[in-house]
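Biologist: Please take a close look at one part of this protein for me, the small hairpin. I would also like to know what the rest of the chain around that part looks like.

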Amino acid sequence: MDKKVPNTLKDHVYDSLFFDVINGIYSPDAILTEKSLMEKYNVSRAPIREALTNLTAAHILASIPRQGYKIFQPSQQQLLEVIKFRSVLESSFLEIYCKNIDASWIGELRNICDSYNSSPANDFMSHWRYNCEFHLKLFSVYGNDYAYKLLEDALNIQTIFFIQKKHFATMDLHLALVDYLEKGEVTAAVAILKADIENLLRPEGATGEIGR
């Protein structure tokens with residue numbers, strides 16, 4: 001998602017394992033063990049254990065007692081709860097703190113949309129990453145680190161879903177949202193944001209692309 005450039009061994013291990021998971025290097029049924037990961041990444045047990053702990057806390061992996069770790073498999077109910085949570089969280093913060101969004105911030109949001117449009121049409125993972133980057137960039141302007149972390153965790157759960165279903169994210173509603181923010185039409189911007197997040201509530205297959 002929105003990981004920083006690694007500057008320590010533990011950061012490097014976390015990011016390497018994270019991107020291997022989201023890029024489908026491991027099957028959904030694969031059991032990851034500390035020993036096998038130590039051999040793969042050629043590091044000691046400590047950074048592997050810390051990466052596994054952090055990925056479990058972020059709902060990317062699930063701990064299987066006496067076996068190891070598996071890719072977290074969110075249920076349909078969990079996904080629906082995440083969507084509803086995000087809808088309330090992101091729309092309410094936008095409505096309250098929209099005054100914090102200035103022209104330079106709007107420009108950065110447009111740049112993310114442009115990057116999406118420049119990526120290959122069939123690269124669903126890049127599309128989802130740009131989608132997450134857009135939502136996290138918009139939310140970061142509010143300056144609430146706790147709420148930002150909750151949103152990041154929610155997006156991580158949805159990331160696993162996108163990997164498994166190979167859905168595409170679209171920037172159509174994101175561009176409309178930016179347009180309304182630029183014109184200062186907050187009510188319309190909030191409505192667009194809610195619609196963008198809640199698109200996943202539609203029955204699967206109702207549209208070729210799903211925007212979030």
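Modeller: What follows starts with the hairpin and then moves out to the rest of the chain. The model is predicted.

The hairpin is formed by β1 and β2, with three residues between them. Strand β1 covers residues 61–64 and strand β2 covers residues 68–71. The two strands run antiparallel and are joined by four bridges. At the turn end of β1, I64 stands opposite G68 in β2.

R66 lies in the loop between β1 and β2. The phi of R66 is positive, at about 65°, although R66 is not a glycine. R66 counts as exposed because its relative accessibility is 86%, and the cut-off for exposed is over 50%.

A second residue with this kind of backbone angle is N42. N42 is not a glycine either, and has a positive phi of about 55°. N42 sits in the loop between α2 (34–41) and α3 (45–57). With a relative accessible area of 69%, N42 is exposed too.

Now the setting. The protein has nine helices and two strands. Along the sequence, the order of elements is α-α-α-β-β-α-α-α-α-α-α, so three helices come before the hairpin strands and six come after them. Of the 212 residues in the protein, 45% are buried. The accessible surface is about 10700 Å², and carbon and sulfur atoms account for 52% of that surface. Among contacts between residues at least 6 apart in sequence, 69% join residues at least 24 apart.

The largest nonpolar core has 63 residues. The members that touch the most other members are L17, Y26, L61, L94, L138 and L177. Helix α7 gives the most to this core, with nine residues. L61 ties the hairpin to this core, as L61 is one of the core members just named and β1 covers residues 61–64. L177 is another of those members. Apart from neighbours within four places in sequence, L177 is in contact with L94, F134, L138, A189, I192 and L193.

Helix α7 (residues 145–165) also holds Y146. Y146 counts as exposed because its relative accessibility is 63%. On the surface, Y146 joins F85 and L150 in a nonpolar patch of about 310 Å². Helix α7 thus has a part in the largest core through nine residues, and Y146 of this helix has a part in a nonpolar surface patch.

Note on methods:
Residues are numbered from 1 along each chain as its sequence is written. This is a predicted model: local features need pLDDT of at least 70, side-chain atom pairs count only at pLDDT 80 or more; totals for chains, interfaces and linings use all residues. Side-chain values use heavy atoms; hydrogens and water are left out. Patches are made of residues with over 30% relative accessible area and no salt bridge: like charges are joined within 9 Å, nonpolar side chains (Val, Leu, Ile, Met, Phe, Trp, Tyr) within 5 Å. Accessible areas come from the Shrake-Rupley method with a 1.4 Å probe; for residues, only the protein chains shown count as cover. A salt bridge is a side-chain nitrogen of Lys or Arg within 4 Å of a carboxyl oxygen of Asp or Glu. Buried means under 20% relative accessible area, exposed over 50%, partly exposed in between (1.4 Å probe, protein chains only). Two strands pair if DSSP finds at least two bridges between them. A nonpolar core is a set of buried Ala, Val, Leu, Ile, Met, Phe, Trp, Tyr and Cys residues joined through side-chain atoms within 4.5 Å. Contact means heavy atoms within 4.5 Å.
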